[in-house]
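Me: I would like a close look at a single part of this protein, with its surroundings followed outward residue by residue. Please keep the cut-offs beside the terms.

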Amino acid sequence: MSTPAASAKITALLAQNLKYATTIHTPPPLLSQGILKAKAAGKKATTILACSDPRITPAVFMGLGFGEAAIIRNAGGRASDAIRSILALDAVGSIGTVVVVHHTDCGMSHNTEEGFHASIAEKHPALHASNGEGYVYGAIDDPYDTIVEDVKFLKSFPSLEANMEIVGMVLDTHTGLVKVVA
């Protein structure tokens, strides 16, 4: 369903992209060249899994340069949703380090699993029915607890734990500091 407001937003996004493409953008090196160079040097990639909250930007709060890490983002920065991407990135470029970051004042902490189920059942009944009552949306009661759960989940796969350093951090959105928790 398209509305005038949505169409105006899309038009604005396209205008912003045109400005970026004509004033800032520089084509990156070919991915295949970078992968071959990294493999020849024995380097493994870094991947950061973080929340999709637009207030937090992993490249900014971790001080990363262009292309320094692959960034996977989803609601809450939850590992179970990201496992497909982690495996695909590892198949393409060989991941050496996975940093999972949860944060304080996360949107996923403003509801419970039951609350997510109720809201989604109301707004998207067919999708909710297809997911089932046992589906886990990943509510976060305490990011210091859920980061431990997510690191434990990733380390439960022996091939991941044997081949990757997996670290869990919590970002304090008020101070901007990250703390290694798991």
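Reply: What follows starts from one histidine and moves outward to the charged pairs, the cysteines and the nonpolar core. This is a predicted model, in which local features need pLDDT of at least 70 and side-chain atom pairs count only at pLDDT 80 or more, while totals for chains, interfaces and linings use all residues. Residues are numbered from 1 along each chain as its sequence is written, and side-chain values use heavy atoms, with hydrogens and water left out.

His 102 lies in strand S3, where strands (E, at least two residues) and helices (H or I, at least four) are DSSP runs numbered from the N terminus. His 102 is buried, with a relative accessible area of 0%; buried means under 20% relative accessible area, exposed over 50%, and partly exposed in between, with a 1.4 Å probe and protein chains only. The side chain of His 102 reaches the backbone oxygen of Gly 77 at 3.3 Å, and a polar contact of 3.0 Å joins the side chains of His 102 and Asp 150. A polar contact here is a pair of N or O atoms within 3.5 Å; within protein, one must be able to donate a hydrogen and the other to accept it, and residues adjacent in sequence count only if both atoms are side-chain atoms. Leaving aside residues up to four places away in sequence, His 102 also touches others, including Arg 78, Ile 140, Thr 146 and Met 169, contact meaning heavy atoms within 4.5 Å.

Asp 150 leads on to the charged pairs, since the side chains of Arg 78 and Asp 150 meet in a salt bridge (2.9 Å, N to O), that is, a side-chain nitrogen of Lys or Arg within 4 Å of a carboxyl oxygen of Asp or Glu. Arg 78 lies in the loop between strand S2 (70-74) and helix H4 (79-93) and Asp 150 in helix H7 (residues 143-155), so the pair ties together parts that are 72 residues apart in sequence. Both Arg 78 and Asp 150 are buried.

The structure holds four salt bridges, and those that share partners join Asp 53, Arg 55 and Asp 105 into one network. In that network, Arg 55 pairs with Asp 53 at 2.7 Å between the closest N and O atoms, and with Asp 105 at 3.0 Å. Arg 55 is exposed, with a relative accessible area of 51%, whereas Asp 53 counts as buried at 10% and Asp 105 as partly exposed at 34%.

Turning to the cysteines, the sulfur of Cys 51 is 3.8 Å from the closest cysteine sulfur, in Cys 106, which is too far for a bond, because a disulfide is a pair of cysteine sulfur atoms within 2.5 Å. The count of disulfides accordingly comes to zero. Cys 51 is buried at 4% relative accessible area, and Cys 106 is buried at 0%.

Cys 51 is also one of the residues that Val 101 touches, among them Ile 48, Phe 61 and Leu 171. Val 101, Ile 48 and Phe 116 have the most contacts inside the largest nonpolar core, which has 18 residues; such a core is a set of buried Ala, Val, Leu, Ile, Met, Phe, Trp, Tyr and Cys residues joined through side-chain atoms within 4.5 Å. Strand S1 (45-51), strand S3 (95-103), helix H5 (113-123) and strand S4 (165-171) each supply at least two residues of this core.
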